[in-house]
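Visitor: I have a little time and a fresh model to look at. Could you walk me through it, one question after another?

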Amino acid sequence: QVQLVESGGGLVQAGGSLRLSCAAAGGTFSIGGMGWFRQAPGKEREFVAAIRWSTSITTYADPVKGRFTISRDNAKNTVYLQMNSLKPEDTAVYYCAARRSVFTQYDSWGQGTQVTVSS
């Protein structure tokens, strides 16, 4: 499995921006795609955004479209989530995940990073 380490979370006021990073190590040759998920207190984990490793094709959940951008740096084995126009409802623990292809489940997960947006 791939080891994933997130960073970049923190506290920001509504309307502000944050950039999350997720560095992958070990077995990175097997990565077909990576994604970001989030889990707010008392809620289930939900999909945020995903990117295909070879083509950079991206997908986004409706609540973040137009505000969040996922990107990757293959040379650094790192995926980013640029979050702009943050809202209090974006407050959650954000997790990155990796999978071998778009036809498989995400099977490698990071430890999560807290994002708190104050109103």
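What follows is a friendly tour in questions and answers.

Guide: Happy to help. Please keep in mind that this is a predicted model.

Visitor: Let us begin with the cysteines. How many disulfides are there?

Guide: Two cysteine sulfur atoms count as a disulfide when they are within 2.5 Å. The sulfur atoms of C22 and C96 are 1.9 Å apart, so they meet that cut-off. The count by this rule is one disulfide.

Visitor: Which strands does that disulfide link?

Guide: The two cysteines are 74 residues apart, so the bond links distant parts of the chain. C22 belongs to residues 18-25 and C96 to residues 92-99. Those strands are β3 and β9.

Visitor: Are C22 and C96 buried or exposed?

Guide: The label depends on relative accessible area, with under 20% as the cut-off for one class and over 50% for the other. C22 and C96 share one label here: both are buried.

Visitor: What is the handedness of the disulfide?

Guide: Look along the S-S bond of C22 and C96, where the torsion is about 45 degrees. Because of that torsion, the disulfide is right-handed.

Visitor: On to the aromatic residues. What is the arrangement of the rings of F37 and W109: stacked, edge-to-face or tilted?

Guide: A pair of aromatic rings is described by the distance of the centres and the angle of the planes. For F37 and W109 the centres are 5.0 Å apart and the planes are at 55 degrees. Stacked needs under 30 degrees and edge-to-face over 60, so neither term applies. The pair is therefore tilted.

Visitor: How many residues apart are F37 and W109 in the chain?

Guide: F37 is in strand β4, residues 33-39. W109 is in strand β10, residues 108-109. This pair, too, links distant parts of the chain, with a separation of 72 residues.

Visitor: Which of F37 and W109 is buried, and which is partly exposed?

Guide: The cut-off for buried is under 20% relative accessible area. W109 has 31%, so W109 is partly exposed. F37 has 11%, so the buried one is F37.

Visitor: Which residues form the aromatic cluster?

Guide: The search of the whole structure finds four aromatic pairs, and the pair of F37 and W109 is tilted. These two residues belong to one cluster, whose members are F37, F47, Y106 and W109.

Visitor: Which residue has its charged end over the ring of W109?

Guide: For an arginine, CZ has to be within 6 Å of the ring centre and within 35 degrees of the ring normal. Here the charged end sits 3.8 Å from the centre of the W109 ring. The residue is R45.

Visitor: Now the interior. What is the volume of the largest cavity?

Guide: The structure holds one cavity of 30 Å³ or more. Its lining includes Q1, V2, S30 and I31, with R99, R100 and D107 also among the residues there. The volume of this cavity is about 50 Å³.

Visitor: How many charged residues are in its lining?

Guide: Sorted by class, the lining of the largest cavity has three nonpolar and three polar residues. Asp and Arg count as charged, and R99, R100 and D107 are among the lining residues. The number of charged residues is three.

Visitor: Let us finish with the backbone. Where does N77 lie?

Guide: N77 has a phi near 50 degrees, a positive value in a residue other than glycine. At 22% relative accessible area, N77 is partly exposed. Its place is the loop between β7 and β8.

Visitor: And in which loop is S85 found?

Guide: S85 is not a glycine, yet has a positive phi of about 50 degrees. With a relative accessible area of 41%, S85 is partly exposed. S85 is found in the loop between β8 and β9.

Visitor: What separates the C-alpha atoms of G15 and L86?

Guide: G15 lies in the loop between β2 and β3 and is exposed, at 53% relative accessible area. Along the chain, G15 and L86 are 71 residues apart. Their C-alpha atoms are separated by 4.9 Å.

Technical notes. Residues are numbered from 1 along each chain as its sequence is written. This is a predicted model: local features need pLDDT of at least 70, side-chain atom pairs count only at pLDDT 80 or more; totals for chains, interfaces and linings use all residues. Side-chain values use heavy atoms; hydrogens and water are left out. Helices (H or I, at least four residues) and strands (E, at least two) are DSSP runs, numbered from the N terminus. Buried means under 20% relative accessible area, exposed over 50%, partly exposed in between (1.4 Å probe, protein chains only). Rings of Phe, Tyr and Trp (its six-membered ring) pair if their centres lie within 6.5 Å; planes under 30 degrees apart count as stacked, over 60 as edge-to-face and the rest as tilted. On a 1 Å grid over the protein atoms alone, a cavity is a set of points where a 1.4 Å probe fits but cannot get out, and a pocket is an open set with protein on both sides within 12 Å along at least five of seven lines; lining residues have an atom within 4 Å of a point. Grid points are joined across faces, edges and corners, and a volume is the space filled by probe spheres set on the points.
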